[in-house]
Amino acid sequence: MEKKLINGFHHIRYQRPKLTDEELVRNSMVFYKDMDSRRTVREFDTRPVPLEVMENIIRSAGTAPSGAHKQPWTFCLISDSDIKLKIRKAAEEEERISYSHRMPEDWKNDLKPLGTDWEKPFLEEAPFLIVVFKQSYGVENGEKTQHYYVSESVGIACGFLIAAIHQAGLVTVTHTPSPMNFLTEILKRPSNEKPFLLLPVGHPKTPAYVPDIERKRLEKILITY
Ligand code: IYR
């Protein structure tokens, strides 16, 4: 049986290769080790990245599951230096205000080990910026359509995106300037789209430095029943 009907809709047969338990253990360990070698990097090299690589990365992000398969995301890919400069200026303006009087002391203290501040040179240095927009609702033939679990869906797609950037051999930093409405204006996005995440993508500077921090051990994040 290659097909069956559910609610009058075609379902096609789906198969994955049947693996032994040893193969499952090996695959999961290889993937974990690769993911564990990912680090958030804030220092970028200006070395260009082929557009095709970026397109493949965004294709991977677009494979994420989403509420009722509405795929409520738009990925803006920016290499134009004038636009990058505009984004940097606007992000730094907001972040300067945030760091000087919007963020409480506790928050600033929690950020100290990471070495972040209002200055965002990576927004100009990285060869590409990706701005992810979430679509609060859809528009089809001028009509509004419902989207479901929008933040969850776009959050999952961003996870796929970050994993794809790492797997390709590149680095990124998840930047969330706040507020980030300026991205809607600079990128001229329609009113059903809200900025979700800003990711500079490229090669790390040589040398690049990252904070000496550790991830929670499995025992701390896992409860088995
Ligand atoms: N949006 C600010 C502050 C910031 C917040 C978190 I949560 C971080 O992990 C890092 C920074 C900024 O991007 O600098």
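Mentor: Let's fix some terms before you start: Ala, Val, Leu, Ile, Met, Phe, Trp, Tyr, Cys and Pro count as nonpolar, Asp, Glu, Lys and Arg as charged, and the others, Gly among them, as polar. Also keep in mind that this is a predicted model.

Trainee: Okay, by class, what does the lining of the largest pocket have?

Mentor: That pocket has a volume of about 570 Å³. Of the 25 residues that line it, Arg42, Leu111, Leu114, Thr116 and Thr174 are the closest to its centre. Sort the lining by class and you get nine nonpolar, seven polar and nine charged residues.

Trainee: Which element does the largest share of the lining of the largest pocket come from?

Mentor: Two candidates stand out, as H3 and H4 each supply at least two lining residues. The largest share is four residues, and they come from H3.

Trainee: Now the ligand: which elements give two or more residues to the shell around it?

Mentor: Start with its location, since the space taken by the ligand is the largest pocket. The elements that put two or more residues into its shell are helix H3 (81-102) and helix H4 (105-111).

Trainee: By class, how many residues does the shell around the ligand have?

Mentor: Go through the neighbours: Tyr99, Trp107 and Leu111 are nonpolar, while Thr116, His175 and Thr176 are polar. Glu95, Asp117 and Lys120 also surround the ligand, and these are charged. So by class the shell has three nonpolar, three polar and three charged residues.

Trainee: How many Å from a nitrogen atom of the ligand does a backbone N or O atom of Thr176 lie?

Mentor: Take the side chains before the backbone: an N or O atom of the Glu95 side chain is 2.9 Å from a ligand oxygen, and for the His175 side chain the value to a ligand oxygen is 3.0 Å. A pair of N or O atoms within 3.5 Å is what we call a polar contact. For the Thr176 backbone and a nitrogen of the ligand, the distance is 3.1 Å.

Trainee: And what percentage of the area that the ligand exposes when taken alone does the protein bury?

Mentor: Your starting figure is the ligand by itself, which exposes 370 Å². Of that, the protein buries 71%.

Trainee: Which residues that line the second largest pocket are the closest to its centre?

Mentor: By class, its lining has seven nonpolar, three polar and seven charged residues. The volume here is about 220 Å³. Among the 17 lining residues, the closest to the centre are Arg42, Glu43, Leu114, Gly115 and Phe122.

Trainee: On to the backbone: where is Pro207 found?

Mentor: Look for the cis peptide bonds, one of which runs from Ser178 to Pro179 with omega near -10 degrees. Pro179 is in the loop between strand E7 (171-172) and helix H7 (182-186). The bond from Thr206 to Pro207 is cis too, again with omega near -10 degrees. Pro207 itself sits in the loop between strand E8 (193-202) and helix H8 (218-221).

Trainee: Last one: what is phi of Asn7 near?

Mentor: You'll find Asn7 in the loop between strand E1 (3-6) and strand E2 (9-12). Its phi is positive although the residue is not glycine, with a value near 55 degrees.

Conventions
Residues numbered from 1 in each chain as written. Predicted model: local features only at pLDDT ≥ 70, side-chain atom pairs only at ≥ 80, totals over all residues. Heavy atoms only, no water. Near = heavy atom within 4 Å. Polar contact = N/O pair within 3.5 Å; in protein donor to acceptor, adjacent residues only side chain to side chain. Areas by Shrake-Rupley, 256 points an atom, 1.4 Å probe, with all protein chains shown as cover. 1 Å grid on protein atoms, 1.4 Å probe; cavity = no way out; pocket = protein on both sides within 12 Å on 5 of 7 lines; lining within 4 Å. Sits in = over half its atoms within 2 Å of the grid points. Points joined across faces, edges and corners; volume = space filled by probe spheres on them.
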